[in-house]
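Colleague: I would like to learn how to read a sheet and a ligand site. Could you take me through one example?

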Amino acid sequence: MNPPNKITFFSRFEADILAGKKTITLRDESESFYQAGQRVSVSNLEDGRCYGELDILSVEQVAYDDLDDTHAEQENMSLAELKTLIRQIYPGITSMYLIRFSLV
Ligand SMILES: CC(=O)Nc1ccn([C@@H]2O[C@H](CO)[C@@H](O)[C@H]2O)c(=O)n1
């Protein structure tokens, strides 16, 4: 089975993604199937509305404890905000998948 060629984000990130201010996302094992070179449609989780396409540039594992200011900058937030957010979305997670993307 081919991995789904779509990715969803919380709708509050749409503006940052379209402006090129958010260029990475951190996901758990359930979304580790994305592959560099893949083109995916991007849509809002809440209403399913598709608003563009992303090229997946890389997928690599990263530990929660290794998140740094560079990751936060690529998420267009502070490191404290990013770590709090991850704790909310993925309670107790220690290892994630860092997915780099560019808007098509
Ligand atoms: C919609 C859905 O299924 N899942 C997720 C999971 C994560 N994220 C964002 O990725 C970054 C790191 O986790 C942060 O910016 C998160 O808010 C998201 O938008 N949607």
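Modeller: Start with a hairpin, remembering that this is a predicted model. Strands β3 and β4 form a hairpin with five residues between them. In the turn, Gly-48 has a positive phi of about 75 degrees.

Colleague: Which way do β3 and β4 run relative to each other, parallel or antiparallel?

Modeller: Strand β3 and strand β4 (residues 50-63) run antiparallel, and five bridges join them. To follow the pairing, pick a residue and look across: Val-42 stands opposite Gly-52 in β4.

Colleague: What lies across from Ile-7 in β3?

Modeller: The bridge partner of Ile-7 in β3 is Val-42. Likewise, Phe-9 has Asn-44 of β3 as its bridge partner. Strand β1 and strand β3 (residues 39-44) run parallel, with four bridges between them.

Colleague: How should I think about the side chains along a strand?

Modeller: In a regular strand, side chains alternate between the two faces of the sheet.

Colleague: In what order do the strands of the whole sheet lie?

Modeller: Read across the sheet, the order is β1-β3-β4-β5-β2. The sheet is open, has five strands and shows mixed pairing. Its edge strands are β1 (6-9) and β2 (24-27), each of which pairs on one side only. From one strand to the next, the twist averages 40 degrees.

Colleague: Now the ligand. How many residues surround it, and which are the closest?

Modeller: The ligand is surrounded by 14 residues, and the closest are Phe-13, Lys-22, Thr-25, Leu-26 and Glu-75. Next, ask which elements supply this shell. Strands β1 and β2 and helix α3 (79-89) each supply at least two residues of it. Strand β2 gives the most, with three residues.

Colleague: Which polar side-chain atoms should I look at, and how far are they from an oxygen atom of the ligand?

Modeller: Take three side chains in turn. Lys-22 has a polar side-chain atom 2.6 Å from an oxygen atom of the ligand. For Glu-75, a polar side-chain atom lies 2.7 Å from a ligand oxygen. For Thr-8, the distance from a polar side-chain atom to an oxygen atom of the ligand is 3.3 Å.

Colleague: How much of the ligand does the protein bury?

Modeller: Compare the ligand taken alone with the ligand in place. Alone, the ligand exposes 440 Å², and the protein buries 94% of that.

Colleague: What kind of space does the ligand take?

Modeller: The ligand takes the space of the largest pocket.

Technical notes. Residues are numbered from 1 along each chain as its sequence is written. This is a predicted model: local features need pLDDT of at least 70, side-chain atom pairs count only at pLDDT 80 or more; totals for chains, interfaces and linings use all residues. Side-chain values use heavy atoms; hydrogens and water are left out. Two strands pair if DSSP finds at least two bridges between them. Axes are lines fitted to C-alpha atoms, for helices over the stretch in contact, and angles run from 0 to 180 degrees between N-to-C directions. A residue is near a molecule or strand if one of its heavy atoms lies within 4 Å of it. A polar contact is a pair of N or O atoms within 3.5 Å; within protein, one must be able to donate a hydrogen and the other to accept it, and residues adjacent in sequence count only if both atoms are side-chain atoms. Accessible areas come from the Shrake-Rupley method with a 1.4 Å probe; for residues, only the protein chains shown count as cover. On a 1 Å grid over the protein atoms alone, a cavity is a set of points where a 1.4 Å probe fits but cannot get out, and a pocket is an open set with protein on both sides within 12 Å along at least five of seven lines; lining residues have an atom within 4 Å of a point. A molecule sits in a cavity or pocket if more than half of its atoms lie within 2 Å of its grid points.
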